[in-house]
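Here are my notes on this one, as promised. Have the structure open while you read, and click on each residue as it comes up.

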Amino acid sequence: KKGGGRKRARAMSVSRGSILFYHSDDRKRCLCEISRADIPNKPQSSNDKNPQALWNLNLGKCIDASPLVVACACRTDDIEANTVVIGSHSGKFLACNAVNGEPLWALQLPDRIESTAAISRDMEQVYVGCDDSKFYSINAFSGSIEWSVKGGDHFKATPTVDANTGYVWIGCYDKHLYVLNAREKRILAKIPFKASIFAPVIIQRKIAIAVNLKGNLAVLDTHSFQKLANIDIGAPVFATPCVTAHHELSIIKIATVTGKILCYNLNLSSNPKTLTASWDFKTPSNRPIFSPPTALPRPFSAFMVFGCHDGHVRCLDSAGQLLWTIEGRSEVAGGFCVRAGGGAGETVLGCYARRGGEVGLVCIDGGNSGRDGIVARVFSSWMMKGEVFAAPVWIGQMLFVACRDDKLWCYWVQKS
């Protein structure tokens, strides 16, 4: 509180790979206001331990983008989802009420959408890429197009918003990385790469980390847009990098299509910046890894989880040692998500989705077995009506799954 005034409500957005973005306090409003009375409290049947579907929304064709979920603690003590933004192969792009699935607005773009959307710091604009070779900046409240940028090929990557500057970073299949000032409708930089860029850029401590489909890892300055370090890792990368901080180091974990997790240390205090190989983990199957490695929250922040095309979900420690495996037969394409908005505790909840349609809920805690006392168990699983390529997003008690049955599904996960 300032001057005895009311404390401003919290706001955050969550998207593919459980990437959280906390929004600035100068935002004027939430996209969709909800109250405690709007949030359901559905009892579960004693004969069914699986979550209940609250609603589904048909987008015309299959959905490969993950949902962007915006959450505000506007009138409640607990943060809960209030708006979902997503597009599909039909070109339909929309925002809907997270509680009941009612569309707030819908927009028809000229081609398929595989890009997961992002939202500006002040929550006034939504950003998305399209296969018509354009990046779009869209009014978050009306759904009207405010600006677009024509690239030389598809924009399939998720846009990344720099929390410090508000600039938008997005890779393109034309082998360039674009830096945009969407507020002023200006292209700030068009940075050449050796290959197309599919994975989102990760920005941490004024450093941008980008990878491309030839396996080039680049570190860039977020103000000058100059490349500070560059390394070829020898295999294409589709998955979002996992970046964590440790003192003066940024620890970068990269998943490749050759079934490897590669870990590099970036020394931020050195000049010039240096990338040093730390360790690598290779899956026995050598199958591709398309799902982003996901860092677990406290108390397991030293660990990361990823899915693989061999069907397994694995957890590694900070030295790249395998802790546990959840076995399966169908590819994990979208990845593993961690429940957001759950508060701190000794248990972490997560969710995986397999291409064959299986969705599983996982409890990770400090059990009596496993290295360093961390174990995982699947406490609920069910089959969707189509394939799942997108990563689920779980916030509060709401789980959102985009499916190739053309529908976005919302599930209510009862508190245990």
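1. Start with Glu331, which counts as buried because its relative accessible area is 19%, and the cut-off for buried is under 20%. Keep in mind that this is a predicted model. You'll find Glu331 in the loop between β27 (322-326) and β28 (335-338). What does Glu331 touch, leaving out residues up to four places away in sequence? The list is Arg287, Cys308, His309, Gly311, Arg354 and Arg355.

2. Glu331 also belongs to a bigger story about charges. The structure holds 13 salt bridges. Have a look at Asp64 and Arg404, whose closest N and O atoms are 2.7 Å apart. Asp64 sits in the loop between β3 and β4, while Arg404 sits in the loop between β33 and β34, so this salt bridge ties together parts that are 340 residues apart in sequence. Asp64 is buried at 13% relative accessibility, whereas Arg404 is partly exposed at 29%.

3. Next, try Asp122 and Arg183, which meet in a salt bridge at 2.5 Å, N to O. This pair links distant parts of the chain, 61 residues apart: Asp122 is in the loop between β8 (118-119) and β9 (125-129), and Arg183 is in the loop between β14 (176-181) and β15 (186-192). Buried or partly exposed: which word fits Asp122, and which fits Arg183? Asp122 is buried at 17% relative accessibility, and Arg183 is partly exposed at 47%.

4. Then there's Lys156 with Asp131, a salt bridge with the closest N and O atoms 3.0 Å apart. Lys156 lies in the loop between β11 (145-150) and β12 (160-161), and Asp131 in the loop between β9 and β10 (134-139), so the pair ties together parts 25 residues apart in sequence. Both Lys156 and Asp131 are buried. And here Glu331 comes back: Asp64, Glu331, Arg355, Glu387 and Arg404 are joined into one network by salt bridges that share partners.

5. On to the nonpolar side chains. In soluble globular proteins, these tend to be buried together. The largest nonpolar core here has 24 residues, and Trp55, Phe400 and Leu408 have the most contacts inside it. Several strands each supply at least two residues of this core, including β3 (52-58), β6 (92-97) and β34 (407-412). A second, separate core has 19 residues, among them Leu68, Val85, Trp105 and Tyr136.

6. Cysteines are worth a quick check. How many disulfides does a search of the whole structure find? Zero. Cys130 is buried, at a relative accessible area of 0%, and Cys363 is buried too, at 7%.

7. Now for a sheet you can trace by eye. It is an open one of four strands, in the order β16-β17-β18-β19, with antiparallel pairing. The edge strands, each pairing on one side only, are β16 (202-204) and β19 (227-232). From one strand to the next, the twist averages 15 degrees. Inside this sheet, five bridges join β17 (residues 207-211) to β18 (residues 216-221), and Ile209 has Val219 in β18 as its bridge partner.

8. Last stop, a hairpin. Strands β20 (residues 242-246) and β21 (residues 249-255) pair antiparallel over five bridges, with Val243 standing opposite Ile252 in β21. Two residues lie between the strands, and His247 takes a positive phi near 55 degrees.

Terms used: Residues are numbered from 1 along each chain as its sequence is written. This is a predicted model: local features need pLDDT of at least 70, side-chain atom pairs count only at pLDDT 80 or more; totals for chains, interfaces and linings use all residues. Side-chain values use heavy atoms; hydrogens and water are left out. A disulfide is a pair of cysteine sulfur atoms within 2.5 Å. Buried means under 20% relative accessible area, exposed over 50%, partly exposed in between (1.4 Å probe, protein chains only). A nonpolar core is a set of buried Ala, Val, Leu, Ile, Met, Phe, Trp, Tyr and Cys residues joined through side-chain atoms within 4.5 Å. Two strands pair if DSSP finds at least two bridges between them. Contact means heavy atoms within 4.5 Å. Axes are lines fitted to C-alpha atoms, for helices over the stretch in contact, and angles run from 0 to 180 degrees between N-to-C directions. A salt bridge is a side-chain nitrogen of Lys or Arg within 4 Å of a carboxyl oxygen of Asp or Glu.
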